[in-house]
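User: I'd like to go through the labels on this model one by one. Show me the structure, and then I'll ask what stands behind each of them.

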Amino acid sequence: MTDDERLAFRLDCGATWLNLLATRGRTFGERPVERIATPERLGEWLEHSEMTPVRPPEEADARQARALRETLRPLALAVAGGERPPAGAAAELVHFLDGAPDPVRLVAADRLLRDAPATTADALARIARQAVDHLTGPERHTLAVCPEHDCRGVFANPTGRRRWCPSPACASRGRVRALRERRRAAADHRAPPVSARTPARRASPAS
């Protein structure tokens, strides 16, 4: 996999806030992939998410975005797994939103528009509120966790048919591993038990 492929944004997780979680790849592996390491990269991601702020992101904004992402991650994993959410992360999220008022202004043009966020903090507040609604509303039942141990990405799975997250790498690795396990199990099934094997003949002593 090339660097461009590793650093490509995942925009197919089912919601903008879930895509934010995916800006860090292989989170639980030995070599995580950081996709919003700089203000420029964060600006690109916000543009893809149609949330470009009036004022371009700065270094502090990139740090805040990464901090929000890692606050949301344990909450998402807990809700998707049917576990008790960590109180500390919930308190951090409430504290973040308390300091980020974001009044709604709509424009009825060719389609319904909302005014652009003035700052990156405003854009992140919109994403955080989307996460809160998803994590506490009926859509929380659609959340799933990728079974790959180094990924554990959270994604929307409304049909319940998807096993892995949308990353092709996770699905590919998972299928290869499953195939190997099936072949190993088949080989073990074909092999006769030790007690049924014919013992080797011992050579007769020379006369």
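Analyst: Helices are DSSP runs of H or I with at least four residues, strands are E runs of at least two, and both are numbered from the N terminus. By that rule the protein has 7 helices and 6 strands, in the order α-α-β-β-α-α-α-β-β-α-β-β-α from the N terminus on. This is a predicted model, where local features need pLDDT of at least 70, side-chain atom pairs count only at pLDDT 80 or more, and totals for chains, interfaces and linings use all residues. Residues are numbered from 1 along each chain as its sequence is written, and side-chain values use heavy atoms, with hydrogens and water left out.

User: Why is Val154 called buried or exposed, whichever applies?

Analyst: Buried means under 20% relative accessible area, exposed means over 50%, and partly exposed is in between (1.4 Å probe, protein chains only). Val154 comes out at 4%, so it counts as buried. Val154 belongs to strand 6. Buried residues make up 37% of the 207 residues in the protein.

User: And which residues is Val154 in contact with, leaving aside neighbours within four places in sequence?

Analyst: Contact means heavy atoms within 4.5 Å. For Val154 the list includes Cys13, Leu18, Leu21, Ala76 and Leu143. Across the protein, 58% of the contacts with a separation of 6 or more are between residues 24 or more positions apart.

User: What makes Arg26 and Asp150 a salt bridge?

Analyst: The label needs a side-chain nitrogen of Lys or Arg within 4 Å of a carboxyl oxygen of Asp or Glu. Here the closest N and O atoms are 3.9 Å apart, and the pair makes the cut. The partners sit in distant parts of the chain, 124 residues apart: Arg26 in the loop between strand 1 and strand 2, Asp150 in the loop between strand 5 and strand 6. Arg26 is partly exposed at 38%, while Asp150 is buried at 7%.

User: Which other salt bridge does the side chain of Asp150 form?

Analyst: Asp150 also meets Arg173, at 3.0 Å from N to O. Arg173 lies in helix 7 (residues 168–190), so this pair ties together parts that are 23 residues apart in sequence. Arg173 has a relative accessible area of 26%, so it is partly exposed.

User: How many salt bridges does the structure hold?

Analyst: There are 12. Among them is Asp102 with Arg114, at 2.7 Å from N to O. Arg24, Glu34, Arg69, Glu70 and Arg73 are linked in a network of salt bridges.

User: How do you know that the charged end of Arg152 sits over the ring of Phe28?

Analyst: The test asks for NZ of Lys or CZ of Arg within 6 Å of the ring centre and within 35 degrees of the ring normal. The charged end of Arg152 is 5.0 Å from the centre of the Phe28 ring and is listed as sitting over it. Arg152 is in the loop between strand 5 (143–145) and strand 6 (154–156), and has a positive phi of about 50° although it is not a glycine.

User: What makes Val104, Leu106 and Leu112 a nonpolar patch?

Analyst: Patch members have over 30% relative accessible area and no salt bridge; like charges are joined within 9 Å, and nonpolar side chains (Val, Leu, Ile, Met, Phe, Trp, Tyr) within 5 Å. Leu106 has 54%, so it even counts as exposed. Together the three have about 320 Å² of accessible area, computed by the Shrake-Rupley method with a 1.4 Å probe, where for residues only the protein chains shown count as cover.
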